[in-house]
Amino acid sequence: LGAIWFIIQIIVEGTTSNGIATPGSTIIVLISIMWSTMMIENWYRREWKLRFKWGMMRYKQTEIPRPTFSGKIVVSKENGEIVEVYKSWAQYCCKITCSMSTMLLCVAMVVAVVAGLFILKGGMREDDPNYQYMTIGIGMLNSIQIFIMNKIYTFLAYRLNEWEGHRLQQEYYNNLVVKRIIFIVFNSFYSLLYIAFIDPRYDRDGFSKEDNDKLRLEAVRTQLVTLFLMAIILQNTLEILFPWLGSKINIMCMKKEEEEWAENAAMGGGDRGGTAYQSDALLSDDDQQAQGVYVNNVADVGDDNIEIKFSLNNDDNMIRQKSTIVVNQDVLDDIEEQISLGPSPDVLDNTAEIVVLHGYIMLFVIVFPIMPLLAAVNNYVELRVDFYNLINTQRPIPTTAAGLGVWKSVLSCFNIIAVFTNLGILVFRTELISTMLSDLGVPSGEIALVVFYFSFSLLLLFIIFVIRVVIDDQTESTKEAIARQEACEKHLLMAPVKSAAKQAAKENKLKASKRFLPDVDENNNDEDDQKREL
């Protein structure tokens, strides 16, 4: 649909002054926002399904503190268990405040860099024949600046997050996402929002508002296309190039270490005095089956495949232990292969890339409607690139999670911001709404445009709210499965209690019957004994 509308805009631009002001553009904005909201709701449902399938329903209740968390031990007032909590909640909040201040400083640096690029661009006139090439060049420089600043800030964000000392892994991850996404969003979209709504260079004297808005929107589209395509090219290229270079460097380093080890072994071990150590034996390519490995002052306990022999060295009075270890050569080969490979790509980086592209689509879909089609093609390429990296890099370390976490809130915020950006472009940067109000007999002044802008924005926000309320986060099948699981758990937990209660009631009843009818019980017992004898 976006590709079709983009073709219509190109056709309209050939006949009128502004293709973005094509009648029906508000419908495209409405469809885009509804599609994005439905996609998020569908992911909520899938998330609940996967959470139940993978046994993560009570992940938040059973989550334990992170290994690197340093707190104080207290007794819980709720259940009396020993828990580890923050040493000082005020100190923890102060650290988060300092981290956010650092993030704002980095945002100010982005503003300064982008302002420098716009000053460089402002030195050329619009009638210059090289103006369009200069605009594209500035866009490419801005894209490279975005990539470099994101890498620098990512390194800083990880360090700040570790310094804050979060207690739970989910808290650590959510705070890291918030730090990164605020900076990434500002770094990626600031130049576009500045050109579309703020840049005074497009409020030229001696030109009509329609001409100025047309030039402004052309600059927005050029900047958007440049940033969008450069983001796709840079990300996919570097995702393949960096792991490949990392694996080559690791292989070269390993070969150099093996050559040094072989040289030392040929010279009798060098400073090691001819003693073969376990670390060297594991690096050796020789067959390790039933090979003696010398280990200094180490006793391996609990392994049936190890035979330890003690000997006393008279020279240094040290006990040397010789252990015969049966080593699986396939395991060693796999370890060496994993060491030679580059590190696996970060899931947070891959998620941020997709989310930023989604932001480009939602916030400026009316400027370049073909972006959803390009993003779909990029997603297919991204899938193949991530698959290549997954099988050609080190195996990632699995971590637990209850879902996407704060990313869902980020996508929902994009939908809300998209309402204001797209309607702002249509209302204040085109003549479409003014013409429509004039045709309806409404005076097309600034006040009327502002009233229409906020009224239609509230209508779209209400539609988003209705969709969120009407569509349940859990499907009926998921609800039934969760209810069945809770019933089974309740039955398994209460069954021993009910059985003990029934047994106690039966014993009490038997004691009461013996108290009031002792003769009857004795006669019954005699009859039972006679039946057993027969």
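**Exercise 1. Determine how many disulfides the structure holds, and classify Cys 413 and Cys 488 by exposure.**

Step 1. The structure holds 0 disulfides, a disulfide being a pair of cysteine sulfur atoms within 2.5 Å.

Step 2. This is a predicted model, in which local features need pLDDT of at least 70 and side-chain atom pairs count only at pLDDT 80 or more, while totals for chains, interfaces and linings use all residues. Residues are numbered from 1 along each chain as its sequence is written, and side-chain values use heavy atoms, with hydrogens and water left out.

Step 3. Buried means under 20% relative accessible area, exposed means over 50%, and partly exposed lies in between (1.4 Å probe, protein chains only). Cys 413 has a relative accessible area of 43%, so Cys 413 is partly exposed. Cys 488 has 42% and is therefore partly exposed.

**Exercise 2. Work out which residues are linked with Glu 47 in a network of salt bridges.**

Step 1. A salt bridge is a side-chain nitrogen of Lys or Arg within 4 Å of a carboxyl oxygen of Asp or Glu. The structure holds 8 of them.

Step 2. Arg 51 and Glu 47 form a salt bridge through their side chains, at 3.1 Å from N to O. Both residues belong to helix α2 (residues 25-53) and sit 4 residues apart, about one turn of the helix. Helices are DSSP runs (H or I, at least four residues), numbered from the N terminus. An α-helix has 3.6 residues a turn, so residues three or four places apart point the same way.

Step 3. The side chain of Glu 47 also meets that of Lys 408 in a salt bridge, with an N to O distance of 2.6 Å. Glu 47 is in helix α2 and Lys 408 in helix α12 (residues 407-428), so this pair ties together parts that are 361 residues apart in sequence.

Step 4. The network of salt bridges therefore links Glu 47, Arg 51 and Lys 408. Arg 51 and Glu 47 are both buried, and Lys 408 is buried too.

**Exercise 3. Classify the two residues of the salt bridge between Lys 479 and Asp 472 by exposure.**

Step 1. The side chains of Lys 479 and Asp 472 meet at 2.4 Å, N to O.

Step 2. Lys 479 has a relative accessible area of 32%, so Lys 479 is partly exposed. Asp 472, at 32% relative accessibility, is partly exposed as well.

**Exercise 4. Describe the span and bend of α6 and of α12.**

Step 1. The expected span of a helix is 1.5 Å times one less than its number of residues. Helix α6 (residues 169-197) has 29 residues and reaches 40 Å from first C-alpha to last, close to the expected 42 Å. For α12, with 22 residues, the reach is 31 Å, close to the expected 32 Å.

Step 2. The bend at a residue is the angle between axes fitted to the seven residues ending there and the seven starting there. In α6 there is a kink of about 45° centred on Phe 189. α12 bends by about 25° at Ile 417.

Step 3. α12 is mostly covered, with 16 of its 22 residues buried.

**Exercise 5. Find the position and exposure of Leu 459.**

Step 1. Leu 459 is in helix α14 (residues 446-470).

Step 2. Its relative accessibility is 41%, so Leu 459 counts as partly exposed.

Step 3. The C-alpha atoms of Leu 459 and Val 419 are 9.9 Å apart, and the two residues are separated by 40 residues along the chain.

Methods: Helices (H or I, at least four residues) and strands (E, at least two) are DSSP runs, numbered from the N terminus.
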